[in-house]
Amino acid sequence: MVTVAVGGADIAAEPGGMPFVRAREGLVLAGRGLSADGAWVRVFHMCDGQAWVRATEIAATPHAPDATVGAGFDFGDAVIIVDPGHGGPANTGAVGPGGLAEKGINVEIGARLRALLAESHRIDWQTGQILRGGDIPAAAVVVVTRSGLGELADYEAGLDFRAAVAGAANAHAMVSIHNNAGWEVPTVIPGVDVYYQSQAPVTTESRRLGTLIVEELRRGFVAFEADWVGANELGAKSRISPRDGVSQYYGVLKASVVPTVIVEGAYISNPGEAELLQTPEFQHAYAAAVYRALVRFITTDEPGDAPSSDPEVWDGFAGRGGARPECEIPPQS
Ligand SMILES: [Zn+2]
C-alpha cells in the first residue's frame with residue numbers, strides 16, 4: 001500500500017520510463033513490488049491498471065502480518081480499509097431527489113468513519129454512544145481508497161483497484177460504504193442491507209462482519225424519524241453470479257482477498273432518507289455504527305444479532321464494475 005507524497009509523483013508505464021502523469025499528492029495506490037534497482041515501485045492504480053512510480057515520491061505502508069481477529073486481538077493492531085463507493089463524472093452511484101448523488105454522501109460518511117478509527121475512544125454499549133479517549137485505541141492503519149474530501153475525492157476508482165488496496169495492506173477488514181435505491185416495500189425499521197462474501201476463505205468472517213454492521217446500523221438509525229423503506233428480505237445477505245452459480249455477484253467482494261462487505265446503509269432514493277443522509281447527525285450515526293461493528297468484529301467473537309440469509313443466485317443489474325477506458329489518474333495541479 002502506497003500513498004503519493006507531498007508534491008505528487010511521476011507515474012510511468014515502465015521503470016525509468018517517460019512519466020505519463022504526475023499523480024496528485026495523497027492518492028492511495030496498491031503497491032506490488034520494486035524494480036530491480038529499487039528506484040521504482042510497481043503499483044495497481046485506480047483505473048485498474050499497472051504502472052510504476054518513483055520510490056522517492058511515495059510513502060509505503062507495510063503489508064500487515066497474517067492474523068486472526070476476534071477475542072484477545074488488540075484493536076491497536078487493526079488494519080482497516082474504508083471504501084466510499086462510486087466516484088468520478090460517470091459513476092455517481094444512486095441518485096436521490098434533486099439529483100443528490102450517492103458518491104459524495106459515501107465520501108462524507110467514509111471521512112467520519114476514518115476520523116473515528118484514527119483516535120482512541122470509549123463506547124457506552126448500552127446506548128451506543130462513542131466518547132473520546134478511552135480503552136479502545138486508534139487502529140494501526142486506516143486507509144480510505146478514494147482519498148481526499150469533496151472534489152478531491154470525486155474520481156473514478158475501479159473495483160479491482162479497491163480490492164487490490166485491501167490486499168496490499170493485508171487488511172483485517174474492508175468496508176465499502178454505499179446507499180441504496182430501488183426499494184421494494186415500506187418498512188417499520190430502517191431498511192439496512194449489507195452484502196457479505198460467500199467464497200472461501202473469507203466467508204465466515206465476512207458474514208460475521210456484515211451481521212454486526214446490520215445490527216449496529218439498525219440500532220443507530222432507529223433514533224431518527226423517517227418513513228423507512230427496504231427490500232422484502234432485510235439484513236446481511238450474499239449474492240452469487242448466475243454465470244457460474246459460485247462466484248460473487250458484486251465485483252469488489254469477488255476481487256477482495258480480505259473480509260469485505262458492501263454496506264447499503266439507507267435509501268437515497270427515498271425522500272425522507274435522502275434528507276437524513278445530508279445531515280451531519282445521520283452521517284455520524286452511520287459512521288459510528290460501522291465503527292462499533294468493527295470494534296466488535298476485531299476484538300470479540302460475537303456473531304452479531306441481526307438477520308442474515310444464506311447466499312443466493314442473483315441476476316439483477318449491478319452496474320459497471322471495472323474502470324472505464326476514459327478513467328484518469330488524478331493529476332497534481
Ligand atoms: Zn452504491
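## Salt bridges, a zinc site and an enclosed helix

Glu215, Glu216, Arg219, Arg292, Arg296 and Glu302 are joined to one another in a network of salt bridges. The structure described here is a predicted model. Over the whole structure, a search finds 17 salt bridges.

Three further pairs are set out below, each with the distance between nitrogen and oxygen.

| Pair | N to O distance |
|---|---|
| Glu57 and Arg54 | 4.0 Å |
| Asp193 and Lys237 | 3.2 Å |
| Glu205 and Arg208 | 3.6 Å |

The salt bridge between Asp193 and Lys237 links distant parts of the chain. Asp193 belongs to strand β14 (residues 193-196) and Lys237 to strand β16 (residues 235-237), with the two positions 44 residues apart in sequence numbering. Asp193 counts as buried, at 1% relative accessibility. Lys237 is buried as well, with a relative accessible area of 8%.

Glu205 and Arg208, in contrast, both lie in helix α3. They are 3 residues apart, which is about one turn of the helix. An α-helix has 3.6 residues a turn, so residues three or four places apart point the same way. Glu205 is partly exposed, its relative accessible area being 23%, whereas Arg208 counts as buried at 10% relative accessibility.

The pair formed by Glu57 and Arg54 also combines a buried residue with a partly exposed one: Glu57 is buried at a relative accessible area of 15%, and Arg54 is partly exposed at 29%. The cut-off for buried is under 20% relative accessible area, so Glu57, with 15%, falls on the buried side.

### Zinc site

The zinc ion takes its protein donors from His86 (NE2), Glu102 (OE), Glu102 (OE) and His178 (ND1). These donors lie 2.1 to 2.7 Å from the ion. The 4 donor atoms subtend angles of 51 to 142° around the zinc ion, and the arrangement is therefore irregular. For four donors, a tetrahedral assignment would require all angles to lie between 85 and 135 degrees.

In sequence, the donor residues follow the spacing H-x15-E-x75-H. His86 is located in the loop between β8 (79-84) and α1 (102-117), while Glu102 is in helix α1, so this pair ties together parts that are 16 residues apart in sequence. Both His86 and Glu102 are buried.

### Helix α2

Helix α2 (residues 159-169) is largely enclosed by the rest of the structure, because 8 of its 11 residues are buried. The buried residues are Phe161, Arg162, Ala163, Ala164, Val165, Ala166, Ala168 and Ala169. They pack against several strands, namely β4 (28-34), β5 (40-45), β8, β11 (141-144) and β12 (173-180), and also against helix α4 (251-255). Just after α2, Asn170 adopts a positive phi of about 50°.

### Nonpolar surface patch

On the surface, Val188, Ile189 and Val222 form a nonpolar patch. Together these residues have about 290 Å² of accessible area. Val222 is found in the loop between α3 (203-221) and β15 (229-230).

Note on methods
Residues are numbered from 1 along each chain as its sequence is written. This is a predicted model: local features need pLDDT of at least 70, side-chain atom pairs count only at pLDDT 80 or more; totals for chains, interfaces and linings use all residues. Side-chain values use heavy atoms; hydrogens and water are left out. Donors are N, O and S atoms within 2.8 Å of the metal (3.2 Å for Na, K and Ca); water is not among the atoms, so sites may look incomplete. Four donors count as tetrahedral if all angles lie between 85 and 135 degrees; four count as square planar and six as octahedral if opposite donors are over 155 degrees apart and all others between 65 and 115; anything else is irregular. Helices (H or I, at least four residues) and strands (E, at least two) are DSSP runs, numbered from the N terminus. Buried means under 20% relative accessible area, exposed over 50%, partly exposed in between (1.4 Å probe, protein chains only). Patches are made of residues with over 30% relative accessible area and no salt bridge: like charges are joined within 9 Å, nonpolar side chains (Val, Leu, Ile, Met, Phe, Trp, Tyr) within 5 Å. Accessible areas come from the Shrake-Rupley method with a 1.4 Å probe; for residues, only the protein chains shown count as cover. A salt bridge is a side-chain nitrogen of Lys or Arg within 4 Å of a carboxyl oxygen of Asp or Glu. Contact means heavy atoms within 4.5 Å.
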